[in-house]
Amino acid sequence: MTATTEPFTPSADLARPTVADAVVGHEASPLFIRKPNPDDGWGIYELVKSCPPLDVNSAYAYLLLATQFRDSCALATNEEGEVVGFVSGYVKSNALDTYFLWQVAVGEKARGTGLARRLVEAVMSRPEMAEVHHLETTITPDNQASWGLFRRLADRWQAPLNSREYFSTDQLGGEHDPENLVRIGPFQTDRI
């Protein structure tokens with residue numbers, strides 16, 4: 001068995017506009033959106049740790065997202081290559097028209113720029129998402145920032161937003177707020 005490897009590009013090089021999928025923000029402090037790679041795992045982990053109330057997963061989990069799920073995730077870096085935003089998710093295997101968004105994290109330096117929306121829309125506008133017409137996520141009842149983001153997305157995409165309790169406090173071990181399943185759609189991916 002012969003191992004093959006793809007060329008590896010360090011994060012700082014990927015921050016350059018020629019490699020990024022999109023450049024957003026102000027000219028003085030641009031942010032670069034792209035697919036993550038293995039070199040980003042630790043930066044993603046550190047970003048999520050700095051973004052309460054997000055649940056922090058292991059650094060290994062973020063490495064898996066950056067490699068095994070990179071086509072359905074997006075990362076934002078500043079000019080120095082620092083990870084300042086991340087969105088993770090996947091197309092559901094039992095509903096191929098539905099993208100399940102797992103986490104959105106935006107660091108303090110990039111808050112208030114619309115980066116969360118831009119990260120989600122960067123993923124949803126990729127060719128591999130052409131058949132996706134629904135977005136699902138879970139949100140705790142008191143996470144106003146997330147509720148605001150997903151209401152704005154539903155408005156922008158001209159799609160209905162519905163929610164219901166998905167995981168109860170008891171199901172989450174009694175020490176976690178309940179999670180509501182939020183569903184946006186149907187929407188036209190080619191209009192995003």
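## Strands, salt bridges and a buried threonine

In strand β3, residues 74-77, Ala 74 and Ala 76 point one way while Leu 75 and Thr 77 point the other, and all of them are buried. That fits a general pattern: in a regular strand the side chains alternate between the two faces of the sheet. Before going further, please keep in mind that this is a predicted model.

### β3 and its neighbours

Which strands does β3 pair with, and in what sense? Strand β2 (residues 29-34) pairs with β3 in the antiparallel sense, over three bridges. Strand β4 (residues 83-92) also pairs with β3 in the antiparallel sense, here over four bridges.

Thr 77 is a handy place to follow both pairings. Phe 32 stands opposite Thr 77, and in β4 the bridge partner of Thr 77 is Val 83. Between β3 and β4 there are five residues, and the two strands form a hairpin. In the turn sits Gly 81, with a positive phi of about 90°.

### Cysteines

How many disulfides does the model contain? The count is zero. Cys 51 is buried at a relative accessible area of 5%, and Cys 73 is buried with a value of 0%.

### Thr 137 in strand β6

Strand β6 covers residues 134-139, and Thr 137 lies in it. Is Thr 137 buried or exposed? Its relative accessibility is 2%, which counts as buried because the limit for that class is under 20%.

What does the side chain of Thr 137 reach at 2.8 Å? The partner is the backbone oxygen of Leu 101. Leaving aside residues up to four places away in sequence, Thr 137 touches Phe 100, Leu 101, Phe 150, Asn 180, Leu 181 and Val 182.

### Salt bridges

Side chains of opposite charge can pair when their charged atoms come close. The structure holds nine salt bridges, and the table gives some of them.

| Salt bridge | Closest N to O distance |
|---|---|
| Asp 71 and Lys 35 | 2.8 Å |
| Glu 136 and Lys 92 | 2.8 Å |
| Glu 136 and Arg 183 | 2.6 Å |

Let us start with the side chains of Asp 71 and Lys 35, which meet in a salt bridge. Asp 71 belongs to the loop between α3 (59-68) and β3, and Lys 35 to the loop between β2 and α2 (41-49), so the pair ties together parts that are 36 residues apart in sequence. Asp 71 is partly exposed, with a relative accessible area of 37%, and Lys 35 is partly exposed as well, at 21%. This pair also belongs to a network of salt bridges that links Lys 35, Asp 71 and Glu 128.

Glu 136 brings us back to strand β6. Glu 136 forms a salt bridge with Lys 92. The pair links distant parts of the chain, with Glu 136 in strand β6 and Lys 92 in strand β4, 44 residues apart. Glu 136 counts as buried, at 6% relative accessibility.

Glu 136 forms a salt bridge with Arg 183 too. Here Arg 183 lies in strand β8 (residues 179-184) and Glu 136 in strand β6, so the pair ties together parts that are 47 residues apart in sequence. Arg 183 is partly exposed, with a relative accessible area of 28%.

Definitions and conventions:
Residues are numbered from 1 along each chain as its sequence is written. This is a predicted model: local features need pLDDT of at least 70, side-chain atom pairs count only at pLDDT 80 or more; totals for chains, interfaces and linings use all residues. Side-chain values use heavy atoms; hydrogens and water are left out. Buried means under 20% relative accessible area, exposed over 50%, partly exposed in between (1.4 Å probe, protein chains only). Two strands pair if DSSP finds at least two bridges between them. A disulfide is a pair of cysteine sulfur atoms within 2.5 Å. A polar contact is a pair of N or O atoms within 3.5 Å; within protein, one must be able to donate a hydrogen and the other to accept it, and residues adjacent in sequence count only if both atoms are side-chain atoms. Contact means heavy atoms within 4.5 Å. A salt bridge is a side-chain nitrogen of Lys or Arg within 4 Å of a carboxyl oxygen of Asp or Glu.
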